[in-house]
Each structure stands twice: as structure tokens, then as C-alpha cells.
Amino acid sequence: MFDIIDSIGDKFVRVVEEVTKESNQVEIHEYLARFTTDNISSVAFGLDTNSLEDSNSNFRKYGKEILDLDPLGFLKFFFTCSFPEFSRKMHLTANKKSVIDFFYNTFKENMENRERNNIVRKDFLQILLDLKKTASLSVSELAAESFIFFLGGKLMRLFK
């Protein structure tokens with residue numbers, strides 16, 4: 001995984017160098033957020049999302065929506081985390097359906113592509129694919145693991 005992160009770090013340096021040629025003032029927080037998005041999406045989902053160069057990438061867009069909660073959304077998030085069994089019975093989710101569908105479909109398509117084409121990569125997704133061979137986990141459970149990995153990275157940025 002280090003090679004993946006190192007490569008994205010090199011890209012980060014190139015992008016920031018290009019931006020600083022145009023202006024001496026750079027909103028570094030935004031570029032660090034894109035850097036984080038590229039790293040997590042690459043390691044957890046095995047995808048090059050190119051958020052550093054494309055601020056409108058789908059991973060960036062849906063990643064922002066995860067934590068962009070209004071007061072009702074915050075209550076739903078708190079409730080579903082506090083009462084997971086009851087929430088499942090009530091079909092309540094902490095995130096919007098569009099966010100859930102995006103991450104699930106992205107994971108599923110990439111997982112199927114890797115299995116179909118025998119692609120092996122040193123990342124978290126590969127660990128999940130190896131685990132799938134030995135444990136009876138559903139695609140939904142594996143996708144949830146990748147999503148939690150992505151969410152954890154987003155939450156780490158909030159609490160620094």
C-alpha cells in the first residue's frame with residue numbers, strides 16, 4: 001500500500017507546484033482533502049479517482065455528502081449508530097440513498113472486474129477479496145468494510 005500512497009504523494013507535490021506557479025496563495029486545506037480522497041479511494045476501492053486534478057470527481061462529491069449533515073441528518077446518523085438493530089428493522093440509514101448506491105456500486109463493479117480479469121493489487125480491496133475466498137461474506141458486507149475504511153479517513157480529517 002505504501003507504493004500507492006507514495007505515488008499519490010508525488011502527484012500531490014506536482015499539483016501544488018503547478019498551482020503555486022499561478023498564485024502565491026493556495027487553499028491547502030482543499031488540496032489536502034483531495035489528497036486524502038485519492039489515497040483512501042485508491043487503497044479501499046482500488047481506484048484512481050484523480051481528485052487532486054478534478055475537484056468535481058464523483059468520489060470527492062459523494063465523500064463530501066457523507067459528512068454534510070443538516071440537523072435532521074445528524075440525528076439520523078446518531079440514531080442509526082446508537083440503535084443499529086432497530087434502525088435496520090425500520091430501514092433507516094445514516095447516509096443518503098445516492099451515497100450508499102454510489103459506494104456500493106463502485107465497490108461491486110471494481111470487485112467483479114478484478115475477479116473477472118485476475119487483477120491483483122496490494123491494497124485493502126485485495127485483502128477483502130482474499131477474505132472473501134475463506135469467509136462467507138456477502139458483497140454488501142465487503143462493500144461496507146470498504147465504506148467504513150473510506151469514512152474513517154474522512155472522520156480522521158475532522159478530528160485533527
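The points below go through a predicted model of one protein chain, from the overall fold to single residues.

1. Overall architecture. The protein chain holds eight helices and zero strands, and read from the N terminus its elements follow the order α-α-α-α-α-α-α-α. Taken along the principal axes, the C-alpha atoms of the protein chain occupy a box of roughly 55 × 45 × 25 Å.

2. Burial and contacts. Of the 160 residues in the protein chain, 37% are buried. Among the contacts of the protein chain with a separation of 6 or more, 63% are between residues 24 or more positions apart.

3. Surface and charge. The exposed area of the protein chain comes to about 10,200 Å², and 58% of that area is supplied by carbon and sulfur atoms. The protein chain carries 22 positive and 24 negative charges, and the mean positions of these two sets are 4 Å apart.

4. The largest pocket. The space in the largest pocket amounts to about 780 Å³. Its lining consists of 23 residues, and those nearest the centre of the pocket are Thr93, Ala94, Ile100, Ala144 and Phe147. At least two lining residues come from each of helix 4 (71-82), helix 5 (84-89), helix 6 and helix 8 (139-158), and helix 8 provides the largest share of the lining, with eight residues.

5. Arg114 in helix 6. Which residues does Arg114 touch, once those up to four places away in sequence are not counted? Arg114 belongs to helix 6, which spans residues 97-117, and its partners under that condition are Gly46, Ile119, Arg121, Asp123, Leu125, Gln126 and Leu129. Arg114 counts as buried because its relative accessibility is 3%, which is under the 20% limit for that class.

6. Asn105, also in helix 6. Asn105 is placed in helix 6, and with a relative accessible area of 37% it is partly exposed. From Asn105 to Leu32 the C-alpha distance is 26 Å, with their positions 73 residues apart in sequence.

7. The loop between helix 2 and helix 3. Three residues of this loop can be discussed together, beginning with Ser57, which lies between helix 2 (28-45) and helix 3 (58-67). Is Ser57 buried or exposed? Ser57 counts as buried, since its relative accessibility is 7%. With neighbours within four places in sequence left aside, Ser57 is in contact with Thr49 and Ser51. Ser57 and Gly153 are 96 residues apart in sequence, and their C-alpha atoms are 17 Å apart in space.

8. Asp48 and Asn50. Asp48 has its place in the loop between helix 2 and helix 3, and at 64% relative accessibility Asp48 counts as exposed. Between Asp48 and Pro71, which are 23 residues apart in sequence, the C-alpha to C-alpha distance is 33 Å. Asn50 is likewise found in the loop between helix 2 and helix 3, and this residue is partly exposed because its relative accessible area is 23%, a value that falls between the limits of 20% for buried and 50% for exposed. The backbone of Asn50 deserves a check by eye, as follows. Phi of Asn50 is near 55 degrees, which is a positive value in a residue other than glycine.

9. Asn118. Where does Asn118 lie? Asn118 is in the loop between helix 6 and helix 7 (124-134), where its phi is near 50 degrees, again a positive value in a residue other than glycine. Asn118 counts as exposed, at 66% relative accessibility.

10. Met90. The loop between helix 5 and helix 6 is the place of Met90, and Met90 is partly exposed, given a relative accessible area of 46%. Met90 and Val15 are 75 residues apart along the chain, and a distance of 46 Å separates their C-alpha atoms.

Conventions: Residues are numbered from 1 along each chain as its sequence is written. This is a predicted model: local features need pLDDT of at least 70, side-chain atom pairs count only at pLDDT 80 or more; totals for chains, interfaces and linings use all residues. Side-chain values use heavy atoms; hydrogens and water are left out. Helices (H or I, at least four residues) and strands (E, at least two) are DSSP runs, numbered from the N terminus. Buried means under 20% relative accessible area, exposed over 50%, partly exposed in between (1.4 Å probe, protein chains only). Contact means heavy atoms within 4.5 Å. Accessible areas come from the Shrake-Rupley method with a 1.4 Å probe; for residues, only the protein chains shown count as cover. Lys and Arg count as positive and Asp and Glu as negative; His and the chain ends are not counted. The place of a charge is taken as NZ of Lys, CZ of Arg, CG of Asp or CD of Glu. On a 1 Å grid over the protein atoms alone, a cavity is a set of points where a 1.4 Å probe fits but cannot get out, and a pocket is an open set with protein on both sides within 12 Å along at least five of seven lines; lining residues have an atom within 4 Å of a point. Grid points are joined across faces, edges and corners, and a volume is the space filled by probe spheres set on the points.
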